[in-house]
Structures are given as structure tokens and as C-alpha cells.
Amino acid sequence: MDFQNFSKLAKVARGEIPAEMVFRGGKVVNVFTGEIIETSVAVTNGTIVGIGDQYVGETEIDLAGKYLCPGFIDGHIHLESTMVTPAELVEQAVKCGTTTYIVDPHEAANVSGADGIDYILHETENVPANVFVMMPSCVPSLPFEDNGCIFDAAEMKNYINNPRVLGLGEVMDYVGTVTAAPMMVEKLALFDGMPKDGHAPGLSGNELNAYVLAGITNDHECSNFDEVMEKRRLGMHIHIREGSAARNLEPIVRGILQTKQDISGFSFCTDDKHIEDIHTEGHIDHCIRKAIACGMQPVDAIRMATIHTAEHYHLHHRLGAIAPGLQADFVALDDLETVAVSRVFHKGVDVSSFHAQPKLPMDSPLRQTVHSLPVQPEQLNLSVGESCAVIRVIPNEIITGHKTAKLPQENGLFAADSTYSKIAVVERHHNTGKVGVGAVSGFNIRGGAIASTVAHDSHNLSVIGDNDADMLLAIEHLRDIGGGYTLVENGKILHTVPLPIMGLMSDAGFDTVQAELSAMIAKAHEMGVPEGVSPLTLLSFLALPVIPALRITPRGLFDVEQMKFIGE
């Protein structure tokens, strides 16, 4: 509540003076009672001061029978994963009704440390939305990772009193957490009593108990309903994730409905979603729509996109509902079932036409972050025997399988084909020359290669293909342009999305990025990548050694379940 202006606001609430604006003729979605009420909403100084048709406004907005619901909240998002600047992501997602973002900037921190976090904060300081930050907890994600920077508890203390910092970002190092590693305990203690985001795919039993004991309050990595229920029974809030590669919403929502679970412990998040997917299917509005299609009541789905998330992050005194004293963040819907967004308001102001402007100077060090030695052809060689470990792609998931297979070979070296692709990860921060090589099944690319400097969370240079020549060409091209995505076919570079900001983001504009991404993704599927596999997003996750079961790093194949490298 704005108590500096409370006297004025109270006069408006009492009806003694007009409100600055009154939203009339709408059907207000009440997330407290589940009712839909035809009434008016009075707003002054960007704050809701009263509900009811008795109010008079200096400006009156006719909603013409539209549904008025609270602005949507993304409970966990990495802005960097959209591939556009943070402000431009807000420009696109706010049109979908998302007015609040709970951001974990650990991608930027893994490349550029505190400078990366400061960039995220600065870029979102004056956007027409609420952008809050969770301090990255695992930079690097595991101690052995070859990332760009280390971000420890001492550096976190510089941000602890920032009003936009809500707590500790996703705790991926579950081993360090459950074994009470001193460096992790220091971070956990620093945010005692504040929300702590979880990242615990498959964690169960005693280890999960120890993880929750550490104060971890939520998780967004559940991919099946049994995992959801084990975590809910221990009090964890569940962010239901629907991103570009990880699409977990349908099985979780159907489980909630079938078992008649109390929905108060659930909310929505996108985690990692490319701008192209936001453009084509939506943002949190897509989550609501999909939940309704699964059989959930529209108001319940809206609750999960608003008040539940606000309550979990201790924001319910400001956001998440339409009630006196809360910020006037609204979404006007033409239709409740299809979540057809008509207009979006932030602090009472229509923000549907917001246009972001690039801010990062061309000479910024954040544009010079690819520092890798040239890769020699022999560095892509992989010796094979009768049985080799293979990363198995699982459609619509970012978790992978760990299989063993007899790989195709020539002269004792792995020879990729349409069944088994070759993957390599090149260290790109410190010119170490490290290159890890492995095999992948289920990606199925033919006649070329795709490469990227987006490789969670250390963001080294990853490449996957069916021949070494195209893989080497893709690697060299990304080294030349300072990072991004590129697709090569039969010795020709067909599509490239430069990502000059930390090798993660572009400020070339949404239309440019989206058009090239769409063409690249379509071409990747034409080259054999199956439907249900998001080629760019999946590639960016195959190097993340905190998600089961088998991953690839610049040091080689890593067994996440055993927490050791293959061959150790």
C-alpha cells in the first residue's frame, strides 16, 4: 500500500472525490471466491481503490462486457532463453497478459557474473511490467563446470536489500545442498525466510527430505504426477512448466483433476521458452488455455496464473488479484474459455502497444564473450567399442535417457548416421581448448549440423550433426560472429541467428529473430529432427549436468544419476 498517498486514496475509496479512472462494464474474475461479478473497478495512482458501480472516474474505460482478470504471473523464467533482450521479451509477453515475471538470471551470470545480472536488472527497470529477480544460486551449476564466472554468497550480499530481489534462484546443486556443503549452506542461510526456488528432477526419499529441510520452497522440474505428489506432500509449491522443450502441463493438470487435488499449491511457469514459440502460441495465457482444454475450470486456471504465484513469492499484498490496495494490473479477455486477450493494463495504463528500445552500447564487454580456440578435426574423433553410452532424446522433455548401444564406426571411430548423431561441446569462455564428444539417439538430423552458444547453464558452444565437416563449419561460424545459433547443410550455412549479447541474446529486433528462428526450426525438422523435439531448445539443454540422465560437457559424457563422468 502507498501510505504516503493513503489519505487521498481513502477519500477516493469512500467516494468523496473521483477516481482517476474507473473500469466499467466488465465481468471481474474474483480469484478469492471463484465468482465472476459484473461490477466496476476504481483506480488512482496505479492502485485499485474500490470495487463497485458507485464510483465516478475522471476517465472511464468501457470494457463492453469483457472479462477482467488480474495480470498473469510467470513463476519462473530465464529471460535470456527467449533470445531477445529482456525489455523486448516484456514487449511480446505483456501482449499475452503477463504483467509479472519472476526471473532467474543465472544464464547471464554463468557467462558474465554480476555484470550479467546487472544487465538484466537495468534492462527491466523501466518496462511496463513487474520484473523481480531470484539470485542465481549455482554459478557454476556444479563445481567442475567450465563456465564463464563464479557468483558466490559474498557477491549475493550486494543484492540482498534490492527491493526487486525476492529470494534464492533455483538450487540445482542438490548434492551440495543435501550434504550441507559449506558454500551452499552459506547461500541458503543468506536467504533464510525468503523463497528459495528448487530444481530437483527425480529427487526422492531421504534426499528430497533433506532438500526441503534446507528451505527449498518450490520446484518446476516435475515431469509426472507421482513426482508432483511426493513433493506436494512435503509442502513444496509446484510450478507447472510449459516451455519450448519441456512441456509438463498436461500430465500434471490431468493428475490434479483426476485426484481432485487442492490447487492452491500450484502455479504456472515457462522456464525456458523461445520468442518464436511465445509469438506463435502465447505465454502464460497458453498455460491457462491448455489447462482449460484438459478440463480445468477457467477461474481455477486463472488462479494458478495469478494469486497462487503472488502468495508464494510474498507478493499478494501488491499483486495477483483485483482488490483494494493492490496494483491495477489487469487483463481484459474477450472470451474466458479461449483466454482471448483484448487489452492489458499495468498500473491502470494500457501497455499493449509498448515498444522496447535497445540499450546496450555496441562497445560493451557483454558483446565480446566467445573466447574459444579453433577446433581441430581430430578433436571430434570418438573411439568406440562393442558397447557405448548414448544420450537418448525423449520427445517433449528436457530429461534424457541413458542407453548403451553398438555405434556405427569407421576404423574404430564413431561415424554418425540418421539414427545416431554426434554431439560435441567446446569450452568457449577461457580458451582452454577442451572439447567433449558423444553420441545422441532420437535427434536424427541428416546431412548437416546445428550449433549454439546457448548451452545451459555454462553456455559453452554445442554442436550436433551427422558429419564432422559440417559440425566444424558451424563451430567456426559461431566463433566468428560472437555467438548464436547456426544451421549448416552439406557444407553451406543456411540459417544463422546471431546472439551477440553474451552469446545468449539479440538486439536485432523481434521480427528479425523470430523470422530466422522459424526458418531454422522448420529446416531442422525437414532434415530429420522429429516432431515433438524442439531442435534448438533441446540442443541447449544437452550440456546441463544437473538434469537426468546423461549429459555432455567439454570434459566428456556425464552420468547425472551417478554424478560421475563415463569411464571414471
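The paragraphs below lead through two sheets, a salt bridge, the open and closed spaces, and some unusual backbone sites of this structure.

The model is predicted, so that local features need pLDDT of at least 70 and side-chain atom pairs count only at pLDDT 80 or more, whereas totals for chains, interfaces and linings use all residues. Residues are numbered from 1 along each chain as its sequence is written, and side-chain values use heavy atoms, with hydrogens and water left out.

One open sheet has 8 strands in the order 18-17-22-21-24-23-25-26, with mixed pairing. Helices (H or I, at least four residues) and strands (E, at least two) are DSSP runs numbered from the N terminus, and two strands pair if DSSP finds at least two bridges between them. Strand 18 (400-405) and strand 26 (492-498) are the edges; each has a single partner strand, so one side of each is left without a neighbour in the sheet. On average, and with direction ignored, neighbouring strands of this sheet are turned by 25° against each other. For such angles, axes are lines fitted to C-alpha atoms, for helices over the stretch in contact, and the values run from 0 to 180 degrees between N-to-C directions.

Within this sheet, strand 21 (residues 420-426) pairs with strand 22 (residues 435-441) in the antiparallel sense over 7 bridges. I423 has G438 in strand 22 as its bridge partner. Two helices pack on the sheet, contact being defined as heavy atoms within 4.5 Å. Helix 15 (residues 468-481) touches strand 21, strand 23 (448-452), strand 24 (461-465), strand 25 (484-489) and strand 26, and its direction makes about 150° with that of strand 25. Helix 16 (residues 510-526) touches strand 23, strand 25 and strand 26, and its direction makes about 140° with that of strand 26.

Another open sheet has 3 strands in the order 27-28-29, with antiparallel pairing. Its edge strands are strand 27 and strand 29, each of which pairs on one side only. Strand 27 (residues 550-553) and strand 28 (residues 556-559) run antiparallel and are joined by 4 bridges, and a hairpin connects the two through 2 residues. The bridge partners in strand 28 include L557 for I552 and G556 for T553. Strand 28 also pairs with strand 29 (residues 564-565) in the antiparallel sense, over 2 bridges, where D559 stands opposite K564 in strand 29. The hairpin of strand 28 and strand 29 has 4 residues between the strands, and M563 there takes a positive phi near 50°.

Other backbone sites also merit inspection. Most residues other than glycine have a negative phi, and most peptide bonds are trans. V339 is not a glycine, yet has a positive phi of about 50°; V339 is placed in the loop between strand 14 (330-335) and strand 15 (340-346). The peptide bond from H456 to D457 is cis, with omega near -10°, and D457 is in the loop between strand 23 and strand 24. The peptide bond from P548 to A549 is also cis, with omega near 0°; A549 lies in the loop between helix 17 (535-541) and strand 27.

The structure holds 24 salt bridges (a side-chain nitrogen of Lys or Arg within 4 Å of a carboxyl oxygen of Asp or Glu). In one of them, K290 pairs with E242, the closest N and O atoms being 2.6 Å apart. K290 lies in helix 12 (residues 284-293) and E242 in the loop between strand 12 (237-241) and helix 10 (249-259), so the pair ties together parts that are 48 residues apart in sequence.

Spaces were sought on a 1 Å grid over the protein atoms alone: a cavity is a set of points where a 1.4 Å probe fits but cannot get out, a pocket is an open set with protein on both sides within 12 Å along at least five of seven lines, and lining residues have an atom within 4 Å of a point. Grid points are joined across faces, edges and corners, and a volume is the space filled by probe spheres set on the points. The largest pocket holds about 320 Å³. Its lining has 19 residues, with P140, L142, P143, M183 and K187 nearest the centre. Helix 7 (residues 182-190) gives the most to this lining, with 3 residues. The search of the whole structure also finds 6 cavities of 30 Å³ or more, and the largest cavity holds about 50 Å³. Of the 14 residues that line the largest cavity, H78, E170, D272, F541 and L544 are the closest to its centre.
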